[in-house]
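Let's take a walk through this one together. Have the viewer open and follow along strand by strand.

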Amino acid sequence: MYAPLQLRRMPRRKPEPIPEILPQYTSFKLEIRPSKIHRWGVYAAEAIPARRRIMEYTGERISRVETRRRSEEQGRMIYLFTLDPYWTLDGAVGGSGAQYINHCCDPNIRTVIQKGHILYYSRRPIRKGEELTVDYHFAKDIDQVPCKCGAATCRGTINLK
Ligand SMILES: [Zn+2]
């Protein structure tokens with residue numbers, strides 16, 4: 001199997017486009033609003049039952065070399081989701097809106113990789129108005145990113161321990 005999923009979202013200097021959700025990739029009504037966790041967040045605009053597919057994480061499919069180049073690029077937000085040992089999806093290009101979902105150490109969403117697609121499923125029932133969160137599983141060996149998710153089980157960093 002693959003190494004732990006790794007989603008990197010680092011702040012960069014340039015302003016980014018107005019965040020939006022592409023409805024063709026979602027199964028429930030969602031909206032983007034400012035978040036207490038980090039910048040923008042994705043919120044349930046209707047109740048979502050447990051174990052339902054919520055949305056797909058889309059983006060440009062890029063190689064390892066290109067992933068390295070983009071992660072070192074200055075001046076823009078980066079939304080890179082490792083799909084498998086070779087391919088990464090860059091949510092900054094053609095992202096469904098899932099790239100705005102924030103990290104939480106006790107998330108209400110889990111990730112399923114299926115036939116080259118990254119799918120987000122509910123881990124439990126999600127109330128209308130609740131922010132959607134996923135565990136980014138940052139690798140242990142990259143820069144430590146402090147976590148302020150507020151969960152009782154917060155591990156203190158977005159990186160895995
Ligand atoms: Zn946390």
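What follows starts with the whole chain and then zooms in on one sheet.

First, some housekeeping: this is a predicted model, with local features needing pLDDT of at least 70 and side-chain atom pairs counting only at pLDDT 80 or more, while totals for chains, interfaces and linings use all residues. Residues are numbered from 1 along each chain as its sequence is written.

The protein has 1 helix and 11 strands, where helices (H or I, at least four residues) and strands (E, at least two) are DSSP runs numbered from the N terminus. Read from that end, the elements go β-β-β-β-β-α-β-β-β-β-β-β. Of the 161 residues, 29% are buried, meaning 20 or more other C-beta atoms, placed from the backbone, lie within 10 Å of the residue's own. Among contacts with a separation of 6 or more, 64% link residues 24 or more positions apart; a contact here is two C-beta atoms, placed from the backbone, within 7 Å.

Now for the sheet. It's an open one with 3 strands, ordered S4-S10-S9 and paired antiparallel; pairing takes at least two DSSP bridges between two strands. S4 (53-57) and S9 (109-114) are the edge strands, each pairing on one side only.

S10 (residues 117-122) shares 4 bridges with S4, and one of the bridge partnerships puts Glu 56 opposite Leu 119 of S10. On the S9 side, 6 bridges join S9 to S10, with Arg 110 partnered by Tyr 121 in S10. S9 and S10 also make a hairpin with 2 residues between them, and Lys 115 in that turn has a positive phi of about 50°.

Notes:
Buried ≥ 20, exposed ≤ 12 C-beta atoms within 10 Å, placed from the backbone.
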